[in-house]
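Subject: Structure handover

Hello,

Here is the structure I said I would pass on. My notes on what was found in it follow below.

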Amino acid sequence: MKYTKKDLVGIAKRENNAKRNYLVVNPLQGKHVPVSPTRALKLFASLAEELRDKYEGERLLLIGFAETATAIGMQIAISLAAPYIQTTREIIPEADYLFFSEEHSHATEQKLVKNDMDEAVKNTDRIIFIEDEVTTGKTILNIISVIQNVYHNDMKFAVASILNGMSDKYRRVYENKSIDLHYLKKTNHSNYGSIAETFAGDGEYIDCTHGSAGKAAVLSVAGRMDARRLVNTAEYDMACRNLFEQVSKQLPRTANDKILVVGTEEFMYPALYVASCLEALGNEVRCHATTRSPIVVSKESQYPLHARYELRSLYDAERKTFLYDIGAYDKVLVVTDAPCPEDKRKAGIDGECPKDKGLDSLVHALAINNTDITVVRWC
């Protein structure tokens with residue numbers, strides 16, 4: 001499918017980020033803007049088609065970048081039947097890391113689990129890095145440098161992104177290093193910063209970090225696979241199918257309902273998968289996810305985001321996260337791999353997690369416009 005720039009590009013203003021004042025918001029990505037999950041997954045599959053048969057005979061490893069490209073990377077890896085691991089900013093128990101920087105981001109430190117990479121590189125001819133958009137490519141060069149310094153092998157590299165905004169200068173750097181670039185749409189970022197400055201920033205800002213103004217049912221589903229660790233993507237696909245089947249058994253059968261499915265930070269693909277299955281049953285479904293990115297919101301109709309809900313993270317209650325443009329729905333599902341508080345898990349109690357400040361703040365935000373809220377914990 002051919003996509004236009006209007007399909008894939010919205011310009012928003014970052015809050016208090018001197019390194020890069022703008023953010024490209026893709027309305028089909030399922031991150032910041034609520035979107036039909038089927039449309040999002042079709043977009044990701046279109047990027048997979050750009051890679052199909054390009055590296056026949058090579059053993060591939062796909063690496064998706066947190067937060068925004070985690071679902072893109074997983075969908076492409078499943079499509080290509082390739083092993084997959086994502087970068088992360090979370091703490092992984094009993095893991096060693098390869099650290100690298102994402103210089104323009106609000107949270108610059110990223111990492112890969114070294115334990116898994118140690119094994120993966122033995123069976124890999126080429127690593128393909130998956131991004132939502134590439135502007136300078138510095139982040140990818142940073143991680144390539146780390147991998148080369150640690151493993152000292154002749155591995156090849158490629159990059160696949162929905163958008164590519166690299167200038168001729170940066171493209172030549174990649175050409176000189178024999179790093180292939182694949183993308184769906186070429187963009188020119190030269191005026192994005194000035195466009196971002198034209199918006200008033202007069203949208204709605206709602207602080208939901210203190211307490212909960214609503215109730216949510218909580219379902220626990222076993223069989224979780226963690227894409228922050230190296231995964232077999234066929235097994236991961238089956239695990240997501242099992243996730244949906246277990247959720248559908250525990251929830252009333254829905255059809256012709258208006259449903260929102262919310263993922264949490266780096267955990268995006270399973271939420272999109274569950275949402276797409278609900279959409280296939282005849283429901284009107286939208287999906288997006290919480291994010292660490294503080295983005296300015298504006299009332300202007302051409303601006304991509306209009307209301308910002310400030311939350312506590314489900315992974316770290318002392319960390320701020322955000323959700324944008326929450327509408328009113330017949331049913332809301334939060335699909336997350338964030339654990340319940342330790343005392344709750346040890347007690348083995350089902351139901352709500354009243355001491356979970358992150359969950360409380362998210363339910364608070366969702367309950368402003370919604371009453372039927374269910375949290376699905378993949379554990």
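**Aromatic pairs**

Tyr-273 is buried, with 12% relative accessible area. The model is a predicted one, and that applies to everything in this email. Tyr-269 is buried as well, at a relative accessible area of 4%. Both tyrosines belong to helix H9, which covers residues 269-280, and they sit four residues apart, about one turn of the helix.

In total, ten aromatic pairs were counted. One of them joins Phe-65 and Phe-100 in an edge-to-face arrangement, with 6.0 Å from centre to centre and 90° between the planes. Phe-65 is in the loop between strand E3 (60-64) and helix H3 (70-80), while Phe-100 is in strand E5 (residues 97-101), so this pair ties together parts that are 35 residues apart in sequence. Phe-65 is buried, its relative accessible area being 1%, and Phe-100 counts as buried at 6%. The two tyrosines of H9 make another pair: Tyr-269 and Tyr-273 are tilted, with 6.2 Å centre to centre and 45° between the planes.

Which residues do ring pairs link into a cluster? They are Tyr-236, Phe-267, Tyr-269, Tyr-273 and Trp-378.

Two lysines lie over tyrosine rings. Lys-111 is over the face of Tyr-97, at 4.9 Å from the ring centre. Lys-258 is over the face of Tyr-329, and there the distance to the ring centre is 5.4 Å.

**Cavities**

There are two cavities of 30 Å³ or more in the structure. The largest cavity holds about 110 Å³ of space. Its lining is made up of 16 residues, and those closest to the centre are Gln-86, Ala-227, Tyr-236, Glu-266 and Phe-267. H3, strand E4 (84-86) and H9 are the elements that each give two or more residues to this lining. H3 has the largest share, with three residues. By class, the lining of the largest cavity has ten nonpolar, two polar and four charged residues. Tyr-236 and Phe-267 are named in two places here: they belong to the ring cluster, and they are among the residues closest to the centre of the largest cavity.

The second largest cavity holds about 40 Å³. Among the residues lining the second largest cavity are Thr-264, Glu-265, Thr-290, Arg-312, Tyr-315 and Leu-362. This lining divides into four nonpolar, four polar and two charged residues.

**A pocket**

The second largest pocket has about 310 Å³ of space. It is lined by 13 residues, and Glu-90, Ile-91, Ile-92, Pro-93 and Arg-224 lie nearest its centre. How many residues of this lining are nonpolar, polar and charged? Five are nonpolar, none is polar and eight are charged.

**Cysteines**

The count of disulfides is zero. Why does Cys-240 have no bond to the closest cysteine sulfur? That sulfur is in Cys-277 and lies 9.0 Å from the sulfur of Cys-240, too far for a bond, since a disulfide needs the two sulfur atoms within 2.5 Å. Cys-287 also has the sulfur of Cys-277 as its closest cysteine sulfur, at 12 Å, which is too far for a bond. Cys-240 counts as buried at 1% relative accessibility, and Cys-287 is buried with a relative accessible area of 1%.

**Backbone**

Three places in the backbone are worth a look while you have the model open. A cis peptide bond joins Ala-66 and Glu-67, with omega at about -5°. Glu-67 is in the loop between E3 and H3, and Phe-65 of the edge-to-face pair is in the loop between these two elements as well.

Asn-16 has a positive phi, near 55°, in a residue other than glycine. Asn-16 is found in the loop between strand E1 (10-13) and strand E2 (22-25), and at 77% relative accessibility it counts as exposed. For Ala-81, phi is near 55°, again a positive value in a residue other than glycine. Ala-81 is in the loop between H3 and E4 and counts as exposed, at 63% relative accessibility.

Regards

Conventions
Residues are numbered from 1 along each chain as its sequence is written. This is a predicted model: local features need pLDDT of at least 70, side-chain atom pairs count only at pLDDT 80 or more; totals for chains, interfaces and linings use all residues. Side-chain values use heavy atoms; hydrogens and water are left out. Rings of Phe, Tyr and Trp (its six-membered ring) pair if their centres lie within 6.5 Å; planes under 30 degrees apart count as stacked, over 60 as edge-to-face and the rest as tilted. Buried means under 20% relative accessible area, exposed over 50%, partly exposed in between (1.4 Å probe, protein chains only). A charge sits over a ring if NZ of Lys or CZ of Arg is within 6 Å of the ring centre and within 35 degrees of the ring normal. On a 1 Å grid over the protein atoms alone, a cavity is a set of points where a 1.4 Å probe fits but cannot get out, and a pocket is an open set with protein on both sides within 12 Å along at least five of seven lines; lining residues have an atom within 4 Å of a point. Grid points are joined across faces, edges and corners, and a volume is the space filled by probe spheres set on the points. Ala, Val, Leu, Ile, Met, Phe, Trp, Tyr, Cys and Pro count as nonpolar, Asp, Glu, Lys and Arg as charged, and the others, Gly among them, as polar.
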